Amino acid sequence: MHSFSFSGSMRFLFTSAIMLSAYGDIRMDYYFDDAVNDLDYQWFYYDDYRSTHPTDRPQAAPSSTPSVIDVPYIERNRYAFGDTTDTIKIKNYNFSVTESSGKRCATMPFTMGNLWETSYCNEGTPCAMPYVGIATMLAAEGSGINLSDVDSIHFFIKSRVQRLTEVWFMVQTLDIEQAAHKPADHYEDGEYYGYYGKYITIEPGYWQEFSIAVEDLDLPGTWAVEYDFDITMCTKLSWEIKGDGEISRDTIDIADVYLGSDWPVKPSLWSKTEDSIPSYNPDAAIPQVYFTFDGSMAMMPVIEWSVFSDKECGGSTKLDPVYISGDAEDGDAPPLLLPETGSDGKGNGITAGIEFGGDVSCDTFEYPPYAGIEMNCYDSVGETYWDVLSNGSDGTVYFQYKTEGIFSGYLRFEVFDRNDVADTGKTSRPRSRGTFIPYFLYVPSTEGSRRTVRIPFDQLVTRSNPDGHRTTPLDLHNIAKFQWKTYGEDGGLCRFSIDNIYFPGLNFTTHALKEIPAGATIRKQLFIGQSGNLLVVNWDATARISRGYLRIIDLKGKELFCTTLPVDGSSHLKISATGFPPGTYLFELENTGTGREPVIMRARGMILR
């Protein structure tokens with residue numbers, strides 16, 4: 001692949017994800033380029049074979065014909081409320097966006113099921129109406145947002161085949177949602193819930209614009225448990241289509257969803273800047289956790305830097321070989337530290353040059369193409385993670401960045417904890433939170449200039465996956481990795497760099513280490529640092545070394561350096577960095593500890609210039 005050109009002929013798109021409409025209002029979704037709205041929460045589908053209410057289809061008529069969304073899906077056991085005997089099959093649908101009649105839109109092709117008989121029907125006469133729904137989340141699961149300043153909700157909608165007269169648009173609220181969310185045997189007779197909304201009729205073949213006044217929303221009928229409308233805790237916008245009992249197929253499209261207000265601001269956008277970043281002091285009494293990429297780097301456990309693309313999801317995004325070591329056939333590669341690639345255009349930094357491919361599909365959702373830079377800081381075999389909240393930390397991180405040609409208008413800073421990754425203790429752990437659901441914030445594109453930010457970890461946000469994954473708090477005592485990521489469009493070019501990453505107050509010399517069970521190879525933590533032209537290798541003093549070796553190996557497996565370890569009980573070694581080209585290396589320590597149990601430590605580290 002050739003080196004990317006950022007010439008004046010390139011069309012840069014720096015656009016906000018929350019766009020002002022022609023009415024001066026704020027849009028909830030404008031681009032419809034993925035399964036996420038402009039508040040960074042999911043769009044999703046639902047059908048009539050999921051609910052746990054005793055009168056709903058799975059409980060009352062499991063052999064009847066359910067409604068289905070006609071998109072790819074993964075079928076799984078329901079396991080409602082943790083009941084492993086609940087093996088009713090439900091569908092996790094792959095959400096779909098498209099362009100129709102000149103508008104980007106969410107689309108829902110469906111086949112309506114038949115009526116079913118339940119307790120409120122006359123015996124022998126099915127009367128429960130089949131339904132399908134399309135919805136978008138306004139807040140993380142278990143929380144809501146305040147729409148008190150919103151007077152109306154606007155959207156465009158159309159069907160493609162027939163006139164639909166039973167379409168219930170609703171604004172879901174947390175109080176009703178929580179009351180209705182319970183097992184079938186927890187409902188009283190005649191206990192039914194409904195959300196505030198309004199019936200609309202959709203005509204086929206052309207876009208209709210609706211403006212729903214908040215004051216016109218009401219419960220769907222007197223059968224619903226009476227609740228006041230709590231506009232301060234709104235959770236979702238939903239469009240539910242009901243059938244008349246004749247199995248039929250149709251498609252509805254939804255576009256240009258916006259709120260009649262100058263609210264909201266994007267909750268995940270961090271727009272605050274810092275004038276400068278604190279200077280690195282290699283002689284500080286407490287070692288500083290600081291990455292300058294210019295010859296000074298703090299002693300760090302388990303650090304591995306990489307530039308990555310969407311190939312993990314089968315994508316075709318390419319990485320510019322100018323900024324990486326080797327190829328990126330598997331989707332990632334170590335970065336090269338090159339002169340004049342720092343965020344100030346002078347010193348070293350880590351840079352990602354990107355040529356975006358087409359959209360990708362992961363975990364039943366469609367995503368635009370993506371690429372980024374990753375700082376890995378956990379050891380999956382040793383089950384060791386960073387603790388960024390203790391050890392003197394003030395709970396923030398500084399970094400500097402520069403972007404050119406960022407299509408989305410934002411760079412996404414993501415933080416992953418042990419719930420997002422697998423280790424030897426639990427290989428299936430990533431499924432607990434769901435794929436692509438880390439904690440994150442967006443920072444604005446810089447159009448070629450340097451920007452400094454300081455982000456408090458307690459300001460990071462997340463979004464909820466509606467398909468059964470729970471919202472898990474970020475575990476700041478067990479951080480696995482950090483990513484800087486950007487999204488694009490097919491054929492788009494962009495480049496961004498990060499530099500001067502600083503964790504104020506963080507001191508890893510007191511980092512608690514997790515012991516390995518007796519009988520296993522003892523893996524102690526290895527710390528690689530650099531001060532000027534000296535590499536500093538530190539290890540856990542409890543290893544109690546008697547003899548052994550330290551080797552430095554390049555990423556092709558070639559041993560470049562080997563030296564014996566001190567036998568005086570010390571737990572560090574200083575090595576000249578002269579003769580090592582800048583890049584990423586494997587540091588491997590092997591020795592026999594007291595009692596002659598084997599001790600092996602490995603860590604990747606960077607040698608800087």
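**Salt bridges and one buried asparagine**

Let me begin with a pair of charged residues, Lys485 and Glu414, which form a salt bridge in which the closest N and O atoms are 3.4 Å apart. Lys485 belongs to strand β28, residues 479-487, while Glu414 belongs to strand β25, residues 410-417, so this salt bridge ties together parts of the chain that lie 71 residues apart in sequence. Both partners, Lys485 and Glu414, are buried. I should say at once that what we are looking at is a predicted model, and I would ask you to keep that in mind throughout.

How many salt bridges does a search of the whole structure find? The search finds 18 of them, and I will take you through a few.

One of these joins the side chains of Asp70 and Arg249, with a distance of 3.6 Å from N to O. Asp70 sits in the loop between β3 (68-69) and β4 (73-77), whereas Arg249 is in strand β14, residues 249-259, so here the pair ties together parts that are 179 residues apart in sequence. As for accessibility, Asp70 counts as partly exposed because its relative accessibility is 29%, and Arg249, at 56%, counts as exposed.

Strand β14 also supplies Asp253, and the partner, Arg160, comes from the loop between β9 (152-159) and β10 (164-173), so that this pair ties together parts 93 residues apart in sequence. The side chains of Arg160 and Asp253 meet in a salt bridge at 2.9 Å, again from N to O. Is each of these two partners buried or exposed? Arg160 is partly exposed, with a relative accessible area of 41%, but Asp253, with a relative accessible area of 0%, is buried.

Salt bridges can also link up, and in this model Glu141, Glu177 and Lys236 are joined in a network of them.

Let me turn now to an uncharged residue, Asn37, which is found in the loop between β1 (26-29) and β2 (43-47). Why does Asn37 count as buried? Its relative accessibility is 3%, and the cut-off for buried is under 20%. What does the side chain of Asn37 reach at 2.8 Å? It reaches the backbone nitrogen of Leu39, and, in addition, a polar contact of 2.7 Å joins the side chains of Asn37 and Thr136. If we leave aside the neighbours within four places in sequence, Asn37 is in contact with Met28, Asp29, Trp43, Thr136 and Met137, and with that list in view I will stop and take your questions.

Notes
Residues are numbered from 1 along each chain as its sequence is written. This is a predicted model: local features need pLDDT of at least 70, side-chain atom pairs count only at pLDDT 80 or more; totals for chains, interfaces and linings use all residues. Side-chain values use heavy atoms; hydrogens and water are left out. A salt bridge is a side-chain nitrogen of Lys or Arg within 4 Å of a carboxyl oxygen of Asp or Glu. Helices (H or I, at least four residues) and strands (E, at least two) are DSSP runs, numbered from the N terminus. Buried means under 20% relative accessible area, exposed over 50%, partly exposed in between (1.4 Å probe, protein chains only). A polar contact is a pair of N or O atoms within 3.5 Å; within protein, one must be able to donate a hydrogen and the other to accept it, and residues adjacent in sequence count only if both atoms are side-chain atoms. Contact means heavy atoms within 4.5 Å.
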